[in-house]
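The following exercises ask the reader to work through the empty spaces, two loop residues, the cysteines and the charged pairs of one protein chain. Each task is followed by a solution in steps.

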Amino acid sequence: MSTVTELFGSMVFNDAVMRERLPKESYQSLRRTVEESVPLDPEVANVVAACMKAWAIEHGATHFTHWFQPMTGITAEKHDSFISPQPDGSVIMEFSGKALVKGEPDASSFPSGGLRATFEARGYTAWDPTSYAFIKDNTLCIPTAFCSYSGEALDKKTPLLRSMEALNKEALRILRLFGVTDATRVVSSVGAEQEYFLIDKE
């Protein structure tokens with residue numbers, strides 16, 4: 001019987017799994033993307049996708065989905081299969097870096113804040129490598145941001161990521177004013193406030 005420590009996070013493609021499975025150069029490149037916002041190399045994306053697919057299949061996954069939080073109050077998913085039919089009637093298991101980093105769900109199915117022309121109804125999901133992929137119900141769930149054709153945020157994650165980047169930029173600017181020159185990034189976090197105030201209803 002598995003212990004709690006063995007079960008905890010066993011369905012998450014976390015940093016420990018990536019460090020174990022990815023080639024050293026690819027792992028370090030991905031960490032730079034996460035920690036320093038360096039653009040992800042397409043070749044590294046292909047390597048990550050291959051390792052992620054192999055890990056997911058080992059854990060019973062047959063499909064993958066770009067998992068996002070549209071402005072509906074619940075999460076949404078666009079499912080695809082790893083299985084790719086071949087001309088000879090057989091199948092192979094495929095999952096490319098392109099499929100990992102980008103998806104195209106129909107944005108017209110979600111709140112957008114206004115009317116749009118048909119070509120603007122497209123929505124795009126983009127992998128957020130700062131959030132770990134995980135397996136749920138035999139599906140590899142890839143956390144993503146969801147934006148419109150013209151770049152407007154259609155979800156709750158995109159404004160959060162943009163806010164974190166804005167805070168990072170301004171915090172680094174302030175640190176430079178105080179003479180701190182070796183800091184490369186400021187990471188913000190959200191948690192419960194330490195103080196709570198009870199106010200009379202009246």
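**Exercise 1. Determine how the residues that line the largest pocket divide by class, and which elements supply them.**

Solution.

Step 1. In this predicted model, the lining of the largest pocket divides into 16 nonpolar, seven polar and seven charged residues.

Step 2. The lining comprises 30 residues, and those nearest the centre of the pocket are Ser37, Asp128, Thr130, Leu161 and Arg185.

Step 3. Two or more lining residues come from each of helix H3 (24-36), strand E7 (123-127), strand E9 (139-148) and helix H6 (157-177). The greatest contribution is that of H6, with seven residues.

Step 4. The volume of this largest pocket is about 710 Å³.

**Exercise 2. State how many cavities of 30 Å³ or more are counted, and describe the lining of the largest cavity.**

Solution.

Step 1. The count gives one cavity of 30 Å³ or more. The volume of the largest cavity is about 50 Å³.

Step 2. Its lining consists of Phe13, Met18, Met52, Trp127, Pro129, Ser131, Tyr132 and Ala133.

Step 3. Sorted by class, the lining of the largest cavity holds seven nonpolar residues, one polar residue and no charged residues.

**Exercise 3. Decide whether Gln69 is buried or exposed, and identify what it touches.**

Solution.

Step 1. Gln69 is located in the loop between strand E2 (63-68) and strand E3 (76-81).

Step 2. The relative accessibility of Gln69 is 17%, and the limit for a buried residue is under 20%, so Gln69 counts as buried.

Step 3. When residues up to four places away in sequence are not counted, Gln69 touches Ile74, Thr75, Asp155, Lys156 and Lys157.

**Exercise 4. Locate Pro105 and establish which residues it is in contact with.**

Solution.

Step 1. The position of Pro105 is in the loop between strand E6 (102-103) and E7.

Step 2. Pro105 has a relative accessible area of 7% and is therefore buried.

Step 3. With neighbours within four places in sequence left aside, the contacts of Pro105 are Phe68, Lys78, Gly123, Tyr124, Thr125 and Phe146.

Step 4. Ala76 is 29 residues from Pro105 along the chain, and the C-alpha atoms of the two are separated by 9.8 Å.

**Exercise 5. State how many disulfides are counted, and classify Cys51 and Cys141 as buried or exposed.**

Solution.

Step 1. A disulfide is a covalent bond that joins the sulfur atoms of two cysteines.

Step 2. The count for this model is zero disulfides.

Step 3. Cys51 has 15% relative accessibility and so counts as buried.

Step 4. Cys141, with a relative accessible area of 2%, is buried.

**Exercise 6. State how many salt bridges are counted, and analyse the pair formed by Asp15 and Arg31.**

Solution.

Step 1. Side chains of opposite charge can pair when their charged atoms come close.

Step 2. The count comes to eight salt bridges.

Step 3. In one salt bridge, the side chains of Asp15 and Arg31 meet with an N to O distance of 3.2 Å. This pair links distant parts of the chain, since Asp15 belongs to helix H2 (residues 15-21) and Arg31 to helix H3, 16 residues apart.

Step 4. Asp15 counts as buried because its relative accessibility is 16%, whereas Arg31, at 22%, counts as partly exposed.

Step 5. A network of salt bridges links Asp15, Arg19, Arg31 and Glu35.

**Exercise 7. Describe the salt bridge of Arg185 with Glu165 and that of Asp80 with Lys78.**

Solution.

Step 1. The closest N and O atoms of the salt bridge between Arg185 and Glu165 are 3.1 Å apart. The pair links distant parts of the chain: Arg185 lies in the segment after H6 and Glu165 in helix H6, 20 residues apart.

Step 2. Arg185 has a relative accessible area of 25% and is partly exposed. Glu165 is likewise partly exposed, at 34%.

Step 3. Arg185 is also among the residues that lie nearest the centre of the largest pocket.

Step 4. The side chains of Asp80 and Lys78 meet in a salt bridge at 3.4 Å, N to O.

Step 5. Asp80 is partly exposed, with a relative accessible area of 31%, and Lys78 is partly exposed, with 32%.

Step 6. Lys78 is also one of the residues in contact with Pro105.

Technical notes. Residues are numbered from 1 along each chain as its sequence is written. This is a predicted model: local features need pLDDT of at least 70, side-chain atom pairs count only at pLDDT 80 or more; totals for chains, interfaces and linings use all residues. Side-chain values use heavy atoms; hydrogens and water are left out. On a 1 Å grid over the protein atoms alone, a cavity is a set of points where a 1.4 Å probe fits but cannot get out, and a pocket is an open set with protein on both sides within 12 Å along at least five of seven lines; lining residues have an atom within 4 Å of a point. Grid points are joined across faces, edges and corners, and a volume is the space filled by probe spheres set on the points. Helices (H or I, at least four residues) and strands (E, at least two) are DSSP runs, numbered from the N terminus. Ala, Val, Leu, Ile, Met, Phe, Trp, Tyr, Cys and Pro count as nonpolar, Asp, Glu, Lys and Arg as charged, and the others, Gly among them, as polar. Buried means under 20% relative accessible area, exposed over 50%, partly exposed in between (1.4 Å probe, protein chains only). Contact means heavy atoms within 4.5 Å. A disulfide is a pair of cysteine sulfur atoms within 2.5 Å. A salt bridge is a side-chain nitrogen of Lys or Arg within 4 Å of a carboxyl oxygen of Asp or Glu.
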